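This report describes a protein chain for a reader who has its sequence and its three-dimensional structure at hand. Please look at both before reading on.

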Amino acid sequence: MKERPRHPFVPARRQDTVRQELTALLREGSLTAKELSGMVGISEKEVLEHLEHLRIALHGRLDMTPPRCLECGFSFQKRERLKKPGRCPVCRGERIVEPSFTIG
Ligand SMILES: [Zn+2]
């Protein structure tokens, strides 16, 4: 593992560099936006924005394991959005397993 720089100033990396890093990680295995955020050092919101671009750029080869409700087991199979849903439409439970992503 690389050491994170201690000083607060982090030079902005080019967007395509970040995208290449995300692509490389997703080819290795299935990861959530939260995991990717920690590994690449950008916010979850930014990860999701990059994933939206990658989904288009990769012509559907970005696979999502749909989020799932821990309360009733409902799986969000039809969901198009990449962000974790706030609550379950079936039981209204809020314990939702995050979606994870990989490149097939
Ligand atoms: Zn549920």
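The text below treats the nonpolar core, two helices, a buried serine and the residues with positive phi. The structure is a predicted model.

**The nonpolar core**

The largest nonpolar core contains 17 residues, and those with the most contacts inside it are Leu26, Leu36, Leu51 and Leu62. Two or more residues of this core come from each of α1 (15-28), α2 (33-40), α3 (44-57) and β5 (100-103). The element that gives the most is α3, with four residues. What does leucine 51 touch, leaving aside its neighbours within four places in sequence? Leucine 51 is in contact with Leu26, Leu36, Leu62, Leu82 and Phe101.

A record also covers part of the chain. UniProt, in an unreviewed entry, places the feature "domain: PF0610-like winged HTH N-terminal" at residues 17-55. Over residues 17-55 the chain is 82% helix and 5% strand, and the C-alpha atoms at the two ends are 16 Å apart.

**Helix α3**

The length of α3 can be checked by a simple calculation. At 1.5 Å a residue, the 14 residues of α3 should span 20 Å, and this agrees with the 20 Å between its end C-alpha atoms.

Which residues of α3 are buried? They are Val47, Leu48, His50, Leu51 and Leu54. Because these residues cover an arc of only 165° around the axis, they lie on the same side of α3. The buried residues of α3 pack against α1, α2, β2 (62-65) and β5. On the face turned away from the buried side, α3 carries the exposed residues Lys45 and Ile56.

**Helix α2**

In α2, the buried residues are Ala33, Leu36, Ser37 and Val40. Their arc around the axis is only 105°, so they too are placed on the same side of their helix, α2. The buried residues of α2 pack against α1, β1 (31-32), α3 and β5.

**Serine 100 in strand β5**

Serine 100 belongs to strand β5. Is serine 100 buried or exposed? Its relative accessibility is 13%, and the cut-off for a buried residue is under 20%; serine 100 therefore counts as buried. The side chains of serine 100 and serine 30 are joined by a polar contact of 3.1 Å. Not counting residues up to four places away in sequence, serine 100 touches Ser30, Leu31, Thr32, Asp63, Met64 and Thr65.

**Residues with positive phi**

Most residues other than glycine have a negative phi. The table lists residues with a positive value.

| Residue | Phi | Place |
|---|---|---|
| Glycine 41 | about 85° | just after α2 |
| Histidine 59 | near 50° | after α3 |
| Arginine 92 | about 70° | loop between β3 (68-69) and β4 (96-97) |

Glycine 41 lies in the loop between α2 and α3. With a relative accessibility of 38%, glycine 41 counts as partly exposed. Where sequence and space are compared, glycine 41 and valine 18 are 23 residues apart in sequence and 9.3 Å apart in space, C-alpha to C-alpha.

Histidine 59 is found in the loop between α3 and β2, and its positive phi occurs in a residue other than glycine. Why does histidine 59 count as exposed? Its relative accessibility is 72%, and a residue is exposed when this value is over 50%. Arginine 92 likewise has a positive phi although it is not a glycine.

Terms used: Residues are numbered from 1 along each chain as its sequence is written. This is a predicted model: local features need pLDDT of at least 70, side-chain atom pairs count only at pLDDT 80 or more; totals for chains, interfaces and linings use all residues. Side-chain values use heavy atoms; hydrogens and water are left out. A nonpolar core is a set of buried Ala, Val, Leu, Ile, Met, Phe, Trp, Tyr and Cys residues joined through side-chain atoms within 4.5 Å. Buried means under 20% relative accessible area, exposed over 50%, partly exposed in between (1.4 Å probe, protein chains only). Contact means heavy atoms within 4.5 Å. UniProt positions are given in the numbering used here, feature names are shortened, and annotations may be inferred rather than shown by experiment. The expected span of a helix is 1.5 Å times one less than its number of residues. The arc is that of the directions from the helix axis to the C-beta atoms. A polar contact is a pair of N or O atoms within 3.5 Å; within protein, one must be able to donate a hydrogen and the other to accept it, and residues adjacent in sequence count only if both atoms are side-chain atoms.
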